[in-house]
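Me: Could you take a close look at the salt bridges in this structure and walk me through them? I am a first-year student, so please explain the terms as you go.

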Amino acid sequence: MSRKVISYILGALLFLILFAAGPVQQDNESHTQADASGSAVHEAPHGEAEEGFSPSDFIFDHILDAYDWHILSYHDFHLSIPLPVIIYSDTKGLNVFMFNKFHHGHSDYKGFRYETHGENRGKVVEIMEDGSRIVPKLDLSFTKNVLAILISIILLLLVFLSVAKAYKRNPDKAPTGLQNLMEPIILFIRDDIARPSIGEHKYKKFMPFLLSIFFFIWFNNMLGLIPIFPGGANVTGNITVTLVLALFTFGITTINGNKNYWLHIFNMPGVPWWIKFPIPLMPVIEIIGMITKPFVLMIRLFANITAGHIIVLGFFSLIFIFGQMSPGLGYGVSILSLAFTIFMSMLELLVALIQAYVFTLLSAIYFGMATEEHH
Amino acid sequence: MGLVTPDIGTIFWMLLMFIILLVILKKFAWKPILSALENREKSIENSLRSADRARGEMEQLKADNEKIMAEARLERDNMLKETKQLSDKILSEARIKASEEARLLIEATREVIANEKSSAVDEIRKQVALLSVEIAEKILREKLKDVNQQKELVDKLMKDIKLN
């Protein structure tokens with residue numbers, strides 16, 4: 001009953017966000033025209049709040065990758081960790097410098113510029129001699145997400161190397177502390193994911209990878225829920241990260257595919273020959289299926305985590321949207337927003353675990369399919 | 001850095017770092033953890049099995065004890081029985097022996113009595129013979145006091161001899 005009520009309210013609020021986000025975003029994109037024509041949409045004084053509050057910018061600033069790790073802003077004070085920009089271009093070669101050289105897009109550096117508008121918004125572009133700006137050939141910048149991955153990897157190593165040490169120190173003893181916390185999860189992955197999906201004889205080979213992706217995804221999902229540094233980066237909601245993870249699953253599946261697996265792809269037994277021979281319909285479908293599996297893994301994790309972040313950020317946007325109408329309304333809405341954010345964060349905690357589980361389980365099932373023997 | 005466009009820089013860093021993570025975790029974390037878990041499972045299984053075995057041995061021992069006890073009891077019973085039999089036998093043998101001895105004693109007594117009796121009878125007979133000889137002597141002396149009578153007797157005896 002109460003759940004139903006909450007879902008109604010949630011739906012209404014989501015509708016509000018979309019409704020509110022649409023026009024404001026549009027307004028932001030065309031703010032130059034609006035300035036030129038002199039029709040101020042929000043009746044705000046010129047200069048200070050000429051851009052107003054744009055929920056879409058606010059949300060995308062939080063869920064997208066960046067060249068620096070923004071921590072807080074207060075009036076004109078901005079606290080952020082600048083990160084190295086590593087750019088290789090045909091004309092200027094390899095360039096490595098810190099992002100704060102751009103002063104948040106206010107100045108160019110070494111013939112590069114940080115775009116704050118336009119189609120390359122949020123990217124470092126190269127200024128050519130004729131004044132045109134192009135995307136450099138290779139951008140290997142050590143971005144916010146990369147730093148977040150590094151932090152999560154350090155955390156993973158700290159946790160699991162100490163757990164491993166505990167196992168070495170007390171073999172055949174009851175687990176304690178961190179070891180005790182991780183052991184049921186490790187056993188769960190072994191006994192309830194790997195063993196039934198891959199089979200008793202082959203599961204051992206895949207255990208290191210399955211454990212690694214499970215804990216990598218889970219730790220990053222959880223870190224993404226922490227609002228401030230060193231958490232808050234949207235690592236598992238970044239399509240590139242999920243792409244690489246899915247590629248690992250795809251690569252391991254393909255490498256370990258046995259005769260039976262490839263036979264099912266190229267010459268599916270038990271189907272009429274005419275859907276295989278003149279036009280190789282079955283092989284084509286099977287090859288598409290082979291690629292769809294990791295693709296779905298990539299999209300699922302990315303979409304779930306990003307959606308969670310967008311919803312939470314949407315609730316926060318509501319405060320500022322209403323706050324622009326009247327400060328009192330903003331304060332009023334903030335109570336509601338906070339309540340829903342807490343609720344969503346609880347849900348996201350669950351989603352963080354479920355998505356790590358689903359990714360691991362599906363990877364294990366794909367490995368199981370690749371190594372299944374003919375019956 | 002679009003929402004759904006993969007970024008080559010992130011791919012590079014992610015690949016590099018994730019491979020390093022995989023290698024380190026595999027070598028220094030998962031291998032010792034998984035092998036320790038497996039070893040522990042094995043040792044638990046072994047202990048359970050040995051506990052089972054110990055229980056079996058215990059039961060065996062208990063059964064053995066029971067058997068030994070039963071045997072001991074049986075032996076004791078047998079011993080008691082044997083002892084009883086032996087005592088009965090001894091008792092009955094003693095009785096038989098005693099009665100035999102008594103019989104022999106009685107027999108010997110009887111023999112002695114008989115001997116005594118016969119010797120007494122002999123004595124009596126001897127005495128009687130002596131007495132009868134004395135009496136006969138006395139009678140003869142009485143009868144043959146005079147010469148006539150002696151002659152008469154000699155005649156008579158002579159007559160008897162002639163007859164013969």
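Reply: Over all chains, the structure holds 19 salt bridges, where a salt bridge is a side-chain nitrogen of Lys or Arg within 4 Å of a carboxyl oxygen of Asp or Glu. The general idea is that side chains of opposite charge can pair when their charged atoms come close. Before we go on, note that this is a predicted model: local features need pLDDT of at least 70, side-chain atom pairs count only at pLDDT 80 or more, and totals for chains, interfaces and linings use all residues. Residues are numbered from 1 along each chain as its sequence is written, chains are lettered from A and ligands numbered from 1 in the order in which they are written, and side-chain values use heavy atoms, with hydrogens and water left out.

Let's start inside chain A. The side chains of A:Asp108 and A:Arg113 form a salt bridge at 2.8 Å, N to O. How exposed are these two? A:Asp108 has a relative accessible area of 37% and is partly exposed, and A:Arg113, at 25%, also counts as partly exposed. The terms work like this: buried means under 20% relative accessible area, exposed means over 50%, and partly exposed lies in between (1.4 Å probe, protein chains only).

Now look at A:Arg190 and A:Asp191, whose side chains meet in a salt bridge at 2.9 Å, N to O. Here A:Arg190 is buried, with a relative accessible area of 3%, whereas A:Asp191 is partly exposed at 28%. This pair belongs to a network of salt bridges that links A:Arg190, A:Asp191, A:Arg195, A:Glu200 and B:Glu41.

Chain B has a pair worth finding too. B:Glu107 and B:Arg103 are joined by a salt bridge (3.1 Å, N to O). Both lie in helix H1 (residues 8-143) of chain B, four residues apart, which is about one turn of the helix. Helices (H or I, at least four residues) and strands (E, at least two) are DSSP runs, numbered from the N terminus. B:Glu107 is partly exposed at 39% relative accessibility, and B:Arg103 is partly exposed at 40%.

What about the place where the chains touch? Between chain A and chain B the count is three salt bridges. In one of them, the side chains of A:Glu183 and B:Arg40 meet at 2.3 Å, N to O. The two chains also have nine residue pairs in polar contact, both residues at pLDDT 80 or more. A polar contact is a pair of N or O atoms within 3.5 Å; within protein, one must be able to donate a hydrogen and the other to accept it, and residues adjacent in sequence count only if both atoms are side-chain atoms.

On the side of chain A that touches chain B, several elements give two or more residues, including helix H5 (177-198) and helix H6 (203-225). The largest share, 12 residues, comes from H4(A). That side divides into 37 nonpolar, six polar and nine charged residues. In this count, Ala, Val, Leu, Ile, Met, Phe, Trp, Tyr, Cys and Pro are nonpolar, Asp, Glu, Lys and Arg are charged, and the others, Gly among them, are polar.

To set the salt bridges in context, 52 residues of chain A are in contact (heavy atoms within 4.5 Å) with 36 residues of chain B.
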